[in-house]
Each structure stands twice: as structure tokens, then as C-alpha cells.
Amino acid sequence: MTGFWEHALIETAASYSVVVLCVVVFMAVFELVTTYNNWREIQNGNLAVAMATGGKIFGIANIFRFSIQENDSLLQTMGWGLFGFILLLIGYFIFEFLTPSFRIDDEIAEDNRAVGFISFIISAGLSYVIGANII
């Protein structure tokens with residue numbers, strides 16, 4: 001017989017709760033590093049911001065998917081999820097650095113959907129690379 005905390009439903013609820021909390025916290029960090037207000041821009045119909053924000057949410061969730069899959073404890077899952085988020089954040093800054101002819105944040109704030117879409121793809125793609133390296 002397994003203990004209460006080892007029951008699959010309890011483990012799932014615990015992982016889910018931790019990931020939702022981490023997504024909220026990590027999105028708050030992204031809100032601090034972008035020059036625009038994500039949720040206000042989305043409310044105003046800015047599709048570029050919606051795509052970039054969606055990519056970040058997908059990226060964080062995908063990193064945690066790998067982390068949950070590869071780790072036995074909630075603490076390990078959180079640690080690898082945090083590490084993955086930091087790498088995703090670094091990827092965001094590298095993307096900004098590699099486009100010196102224009103500012104990513106300014107283009108996304110002006111609803112440049114091409115830049116928003118590329119931002120989405122970069123976040124999603126990097127999350128797979130990061131996740132594949134989680135042990």
C-alpha cells in the first residue's frame with residue numbers, strides 16, 4: 001500500500017499546483033523584463049504580444065513537462081523547472097541581442113506579428129532543447 005503523498009492523483013495535483021504557481025511567477029518575471037504590459041496589450045487586441053506571451057507560457061509548461069517526466073520528487077521538478085526557465089529567459093535576451101537593427105520589444109508592442117510569431121517559435125523551440133537536457 002502506498003502512502004497518501006505517493007498516490008498518483010495526489011502527485012498529479014501537487015505537480016499541477018506547483019507548475020501553475022511557477023507559470024504565474026515566471027510570467028511576472030517576463031512582465032518585468034519586457035518594455036510593454038503583456039496583459040494590457042493583449043486586452044487591446046495586440047496579436048503580436050499574444051503570440052509572444054503564448055510562446056513563453058508554452059515554453060515554461062513544456063520545460064515543466066520534461067521536468068515532471070524525468071524527476072521523482074517535486075523539489076527536483078521545481079529545481080529543473082527553474083533552471084529551464086532561466087535558460088529560456090537567457091534565450092529571450094540573446095534573441096534581443098542578435099537583432100541589433102531593431103528592438104524586439106518595440107516591434108512586438110507595435111503589433112508586428114512576424115516578430116511576435118518568431119518570438120513564439122523561439123520560446124517553443126528552446127523549450128524542447130532545454131527539456132531534452134533535463135535529467
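**Helix packing and two nonpolar cores**

Phe-64 touches residues far from its own stretch of sequence: leaving aside neighbours within four places, its contacts are Val-19, Cys-22, Phe-26, Thr-77, Met-78, Gly-81 and Leu-82. The model is predicted.

A second, separate core has eight residues, including Val-49, Ala-52, Phe-95 and Ile-108. The largest nonpolar core has 17 residues. Phe-64 is among its members with the most contacts inside it, along with Phe-26, Phe-30, Ile-60 and Phe-85. Helices α1, α3 and α4 each supply at least two residues of this core. The biggest share comes from α1, which gives seven.

Now take α1 itself. It covers residues 8-33, 26 residues in total. At 1.5 Å a residue the helix should span 38 Å, and its end C-alpha atoms lie 37 Å apart, so the two values agree. Which residues of α1 are buried? They are Ser-15, Val-18, Val-19, Cys-22, Val-23, Phe-26, Met-27 and Phe-30. An α-helix has 3.6 residues a turn, so residues three or four places apart point the same way. The buried residues of α1 pack against three helices: α2 (38-43), α3 (47-70) and α4 (74-97).

Further along the chain, Ser-127 sits in helix α6, residues 113-132. Is Ser-127 buried or exposed? Its relative accessibility is 0%, so Ser-127 counts as buried. Beyond neighbours within four places in sequence, Ser-127 is in contact with Phe-58, Gly-59, Asn-62, Ile-63, Phe-66 and Leu-88.

How values were computed:
Residues are numbered from 1 along each chain as its sequence is written. This is a predicted model: local features need pLDDT of at least 70, side-chain atom pairs count only at pLDDT 80 or more; totals for chains, interfaces and linings use all residues. Side-chain values use heavy atoms; hydrogens and water are left out. Helices (H or I, at least four residues) and strands (E, at least two) are DSSP runs, numbered from the N terminus. The expected span of a helix is 1.5 Å times one less than its number of residues. Buried means under 20% relative accessible area, exposed over 50%, partly exposed in between (1.4 Å probe, protein chains only). Contact means heavy atoms within 4.5 Å. A nonpolar core is a set of buried Ala, Val, Leu, Ile, Met, Phe, Trp, Tyr and Cys residues joined through side-chain atoms within 4.5 Å.
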